[in-house]
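Colleague: I'm new to reading protein models, and I'd love some help with this one. Could we go through it together, one question at a time?

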Amino acid sequence: MAAANTTKTSWKLQEIVAHASNVSSLVLGQTSGRLLATGGEDCRVNIWAVNKPNCIMSLMGHNNPVESIQFNSSEEQVVAGSQSGSLRVWDLEAAKILRNLSGHKANVCSLDFHPFGDYVASGSMDTNIKLWDIRRKGCVFRYKGHTQAVRCLAFSPDGKWLSSASDDSTVKLWDLTAGKMITEFTAHTGPVNIVKFHPNEYLLASGSSDRTIKLWDLEKFKMIGSTEGETGPIRCIAFNPDGCCLYSGSQDCLRVYGWEPDRCFDVVPVSWGKVADLALCNNQLIGVSISQSVVSSHVVDLNRVKKSGSVIQSLVQDDKPLSEPPAKGATIRRNYERPLTTCSKQRVKQNSESERRSPEGERRSPSSEEERDEKESTAEIRNAEDYKEIFQPKSAISRTPPKKSEPFPAPLEDAITTSTPISRVDPAIAPPTSRPLPAINPANRPVAGMKPAEPAVILASRNEPIGLNVADFLPPAKSNKQPALNDDDALTQIRKGHDTMRVMLSSRLKNLDTVRAVWSCGDMKTSLDSAISINDLSIVVDILNIINLKPSLWKLDLCTSILPQIEELLQSKYESYVQTGCTSLRLILKRFWPLISDTLTAPPSVGVDITREERHQKCKACYKQLKNLSNVVKNKAGQVGRHGSAFKELQLLMTPLD
């Protein structure tokens, strides 16, 4: 084995408790890579210097949890959108609020500053996109076309276009000056979470919950690339500053992609969990993630990451050699033409039509309520020294965190491998406990994200691992035509898929540790809800296997949370998942159907009985979910074997539902 390197490829930089309650949003300053803004359920926006432990500034004024945040390009301003649909723009240099903007009818899900002008775009769960003039305190245009929540907005580098991504699985491109949609991209099959423009070329990248990143040519308006191999939803992507490659922040993993042709240059294990945002500076990539009230930051040394040349073997198709990417500067597409000065002359469409479509037009004067909100909004400076250094430097030329800041130093290698170990739950959010979580047996549990060739039903007991060909690991038959594998080729064959499997198992251990921390507080409902929120059925199965061993742990509250999950388990291709779902449903029917039935058929009570009303609502929700499940059970009751008998028993138990 080769000697250990002196530095790591990736490492944890910092872990901070960012808010008194859960963190609901965060963003990195893209220009410097050294500023971080977090929004919390405590309705505050906190500003941090990356790798410094203390909050620089806390911005107060929102009355609802902060759902979305964004810095402007100079990092002098920050805009925050709340659950109520309002926006607040803050001047960080002056430590005061600039504007309070309202007009959305639901949560503000996405924000972006125009690269040159004094405009902010906001996307909401109300499906609308609004363009705001910060100077005039008003909405100057409203873009309508999406049918579900708008999850991401991005202005083009030249400031002429706006791209939007939505839960309706579409990406739309809008012309700001004409005030209309240019085109719509519809190749994604799941909600689109992120869009990014190429820094130079007419190229757009979009990442989706369908586990793909797609690249769109903005001259021909067609898709020119699509990635494969991601193990979870795509939440954040970033182009290299020179545009040579695209980075994708996946669950505990960084992937590096090229296009034309599609290829994956590198896969780097990083223990950042569900990474929420990426920024690049000094040939380092900084990634930040959220776990309840804790924000973690990690660094990847891009000098040690492949950005061209050889590719990951699993993505090469038909063993065809891939052409080298064009040399830097030899672009095959038109480049953006950026104005030499600010875009004060580049006006967006603001005519009678825009005012008619947007009742919050630019001539609207602020209400007394909004003026009062602005007066009541405050910026509390928590760290005067860092505030003066970053936002009020002595030299007006070198402001913001310095553009030429030093790279974050890499720690010395303390192990043979170059990856950092998966971190445990932070002690600040995991209270000590004297009652440990029962041991969880991971046997026979498939790992989400692996996509080998598999049978229709994967049995819980089997002699061979699914998706692996045992013959690959046996000595090849000796013949004159086929020479024996040498040691290097044999090791390469054995290691195939090892990194992906290790990342997935590490991620699963981390998720189970998170659930265990909640369980230690003794609240079974919260523990189960946290397992469900992770969105990984294997975690839900592990927890259900424990609860099923002790039926007295079941409560009516648990039923309302777990019945939708049981529907997924019963339709799973994994036999062990189906068995767990059947066992849980059987326990629910035997213990709670008499209560549900009696509650729903009882005559109305006289007077107000809050406890009874709550129980009635829970029973009503359970009944509706059980009715949906009865159709699934009926369809599967005709199967033969152990599954068929289990579903027949459930069908008999569910007969009273009809």
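Colleague: Let's start with one pair of residues. Which residue in E9 stands opposite Leu 87?

Modeller: Keep in mind that this is a predicted model. Strand E8 (residues 86-91) and E9 run antiparallel and are joined by six bridges. In E9, the residue standing opposite Leu 87 is Leu 101.

Colleague: Which strands are at the edges of the sheet that holds E8 and E9?

Modeller: Four strands make up this open sheet, with antiparallel pairing and the order E6-E7-E8-E9. On average, neighbouring strands here are turned by 20° against each other, direction ignored. An edge strand pairs on one side only, and that description fits strand E6 (66-71) and strand E9 (96-102).

Colleague: Nice, that helps! Now for the whole protein: how many helices and strands does it have?

Modeller: Let's add some context before the count. Of the 658 residues in the protein, 51% are buried. Among contacts between residues at least 6 apart in sequence, 58% join residues at least 24 apart. The secondary structure comes to 11 helices and 29 strands.

Colleague: Let's look at another strand. How many of the eight residues of E28 are buried?

Modeller: We can check strand E28 (residues 294-301) face by face. In a regular strand the side chains alternate between the two faces of the sheet. On one side of E28, Val 294, Ser 296, His 298 and Val 300 are buried, and on the other side so are Val 295, Ser 297, Val 299 and Asp 301. E28 is therefore largely enclosed by the rest of the structure, and its buried residues number eight of the eight.

Colleague: What is the order of the strands in the open sheet that contains E28?

Modeller: We can build it up from the neighbours of E28. Strand E1 (residues 10-17) runs antiparallel to E28 and is joined to it by seven bridges, while strand E27 (residues 284-291) is also antiparallel to E28, with eight bridges. E1 and strand E26 (275-281) each have a single partner strand, so they stand at the edges. The order of this four-stranded open sheet is E1-E28-E27-E26.

Colleague: Which residue of E28 is the bridge partner of Ser 289?

Modeller: Let's follow the pairs along E28. Val 17 stands opposite Val 294, and Gly 287 stands opposite His 298. For Ser 289, the bridge partner in E28 is Ser 296.

Colleague: Which residue takes a positive phi in the hairpin of E27 and E28?

Modeller: E27 and E28 run antiparallel. Their hairpin has two residues between the strands. The residue there with a positive phi, near 60°, is Gln 292.

Colleague: Now the helices! How are H6 and H8 oriented to each other: roughly parallel or roughly antiparallel?

Modeller: Two packed helices are described by the angle between their axes and the distance between the axes. For helix H6 (residues 524-533) and helix H8 (residues 556-570), the angle is about 15° and the axes are 9 Å apart. Angles under 35 degrees count as roughly parallel. Therefore the orientation of H6 to H8 is roughly parallel.

Colleague: How many residues in the contact of H6 with H8 are nonpolar?

Modeller: H6 passes H8 in a left-handed crossing. The contact includes Met 524, Leu 528 and Ile 532 of H6 along with Leu 558 and Ile 562 of H8. Besides three polar and three charged residues, the number of nonpolar residues is five.

Conventions. Residues are numbered from 1 along each chain as its sequence is written. This is a predicted model: local features need pLDDT of at least 70, side-chain atom pairs count only at pLDDT 80 or more; totals for chains, interfaces and linings use all residues. Side-chain values use heavy atoms; hydrogens and water are left out. Axes are lines fitted to C-alpha atoms, for helices over the stretch in contact, and angles run from 0 to 180 degrees between N-to-C directions. Angles under 35 degrees count as roughly parallel, over 145 as roughly antiparallel, 65 to 115 as roughly perpendicular and the rest as oblique. A crossing is left-handed if the near helix is turned anticlockwise from the far one by less than a right angle, and right-handed if clockwise. Contact means heavy atoms within 4.5 Å. Ala, Val, Leu, Ile, Met, Phe, Trp, Tyr, Cys and Pro count as nonpolar, Asp, Glu, Lys and Arg as charged, and the others, Gly among them, as polar. Two strands pair if DSSP finds at least two bridges between them. Buried means under 20% relative accessible area, exposed over 50%, partly exposed in between (1.4 Å probe, protein chains only).
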